[in-house]
Amino acid sequence: MAGEQRSGQSMIGRGCGAVLVVLLAAFIAIGCVRPASAADPAFRRWLQELWPDAQKLGVSRATFDAAAAGLEPDLSLPDLVVPGRPDKPPRGQAEFVQTPEQYLRERTLASLAAEGRKLFAKHRDTLNRIERRYGVPGPVVVAIWGRETAFGSYKLPHDAITVLATQGFYGKRKDFFRNEFLYALKMLQDGVPRADMRASWGGALGMTQFLPSEFYRHAVDFDGDGRADIWRSMPDALASAAQQLAHKGWQAGHHWAYEVKVPKGTDCTIADPDHLRPLKDWLAAGYVPAAKKPLPADLAEPASLLMPAGLFGPAFLILKNYYVIKNYNFSDLYVLFVGNVSDRIAGGGPFATPWGKIVQLRTADLEEMQRRLAALGLYRDKIDGKAGMRTRLALGAYQKVEGLTLDCWPDAAVLEHLRAESQAR
């Protein structure tokens with residue numbers, strides 16, 4: 001629509017006259033000029049077919065019709081499958097397309113931690129009350145706030161209703177987003193202004209980034225004004241994040257992870273979440289805490305080893321609370337980001353071991369690697385083009401079988417070796 005209007009104005013500027021400006025504006029107002037991105041009729045039908053399910057959630061017909069009026073999909077969003085349009089390379093989240101060093105930039109971590117310490121001091125009483133009620137330390141929820149929206153300063157770019165409807169119809173996870181769209185309508189029904197419903201491309205809302213269904217499961221009115229406001233109320237937003245973590249199993253008084261220096265010659269394929277040992281057994285085996293901090297009281301707590309860059313970076317003994325944060329955002333790098341910022345807010349410092357210089361393969365190359373490893377029976381997870389934990393472990397297993405240098409990091413040399421072995425067979 002905007003592009004057509006600019007085109008019309010330039011023509012008028014060359015001498016068509018003011019009368020035509022008025023006529024063109026009138027035509028646009030009454031819908032005689034069809035938008036270039038007019039919705040697929042199938043999208044309109046899909047939208048109207050949602051009415052019975054919206055009604056079951058308490059959405060009135062008036063609210064439904066107001067939200068649906070003029071609603072058109074935003075085909076610029078990632079992760080869509082649009083008929084007649086070639087697939088675009090996925091515009092993945094930073095957690096999955098950057099190396100650990102790129103995602104965990106020291107300058108960014110230090111800057112957010114410095115601001116987080118100021119905010120923690122400013123809101124100490126509120127954060128202490130949140131911890132007493134939910135068991136989640138203030139530095140953890142402040143770190144989530146910083147990572148999600150830079151403490152509320154980042155302005156979310158999309159309209160949530162548009163995003164969720166688009167993803168519900170054209171997205172790769174249709175059922176998931178269809179459900180979130182219905183709950184977004186319920187939010188409108190329950191009085192959340194449409195103007196407040198600004199979102200990420202995945203439809204998450206507010207200072208601590210809640211999907212609509214999460215809002216109904218976890219949002220809290222912590223400041224006592226009669227409404228759970230995750231947009232403007234810091235107490236509500238951070239208490240809501242704490243309650244979500246508590247609902248997901250946060251263990252009060254326990255840490256999330258410890259960076260460790262691994263013994264020389266460590267086999268990186270034991271960095272497997274299924275390889276659980278009591279924390280005290282890891283320590284006894286020579287995994288030395290990298291930071292000079294008191295050891296946890298519960299040395300019997302099960303822990304597993306995480307090496308997010310294989311042998312090219314820090315290693316961590318991760319505990320149950322690690323996985324609780326990961327349920328907030330399903331990414332190991334996200335957890336390391338939030339965990340490290342929270343540790344710094346509480347007085348800790350940077351990662352002790354530097355990140356090595358490694359290269360992140362393109363998504364298509366990682367997908368090929370996963371398929372080849374799956375064909376060998378070494379990879380049993382989904383083909384997603386991400387250098388995640390299961391991909392690194394499968395790659396390490398291949399390196400061991402083939403007598404290659406064992407480092408558990410997917411690189412171009414190993415992919416070429418996989419291709420050559422496939423051709424030789």
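**Core and cavity of a predicted model**

Let me begin with leucine 336, which, setting aside neighbours within four places in sequence, is in contact (heavy atoms within 4.5 Å) with Leu104, Trp256, Leu306, Pro308, Phe316, Tyr322 and Phe351. A second, separate core of 14 residues includes Ala303, Leu305, Met307 and Leu317. By nonpolar core I mean buried Ala, Val, Leu, Ile, Met, Phe, Trp, Tyr and Cys residues joined through side-chain atoms within 4.5 Å, where buried is under 20% relative accessible area with a 1.4 Å probe, protein chains only.

This is a predicted model, in which local features need pLDDT of at least 70 and side-chain atom pairs count only at pLDDT 80 or more, while totals for chains, interfaces and linings use all residues. Residues are numbered from 1 along each chain as its sequence is written, and side-chain values use heavy atoms, without hydrogens and water.

The largest nonpolar core has 102 residues, of which Leu104, Phe181, Leu185, Met197 and Leu336 touch the most other members. Helix α17 (residues 332-345; a DSSP run of H or I, at least four residues, numbered from the N terminus) gives the most to this core, with eight residues.

I turn to the cavity, meaning points on a 1 Å grid over the protein atoms alone where a 1.4 Å probe fits but cannot get out. The largest holds about 50 Å³ of space. Its lining residues, having an atom within 4 Å of a point, include Cys268, Met307 and Arg392. Helix α19 (residues 389-402) contributes the most to that lining, with three residues.

Finally, confidence: the chain's mean pLDDT (the predictor's confidence in each residue, from 0 to 100) is 88. Over residues 1-37, however, the pLDDT is below 50.

Technical notes. Buried < 20%, exposed > 50% of the residue type's maximum accessible area, 1.4 Å probe, protein only. Helix = DSSP H or I, 4+ residues; strand = E, 2+ residues; numbered from the N terminus. 1 Å grid on protein atoms, 1.4 Å probe; cavity = no way out; pocket = protein on both sides within 12 Å on 5 of 7 lines; lining within 4 Å. Points joined across faces, edges and corners; volume = space filled by probe spheres on them.
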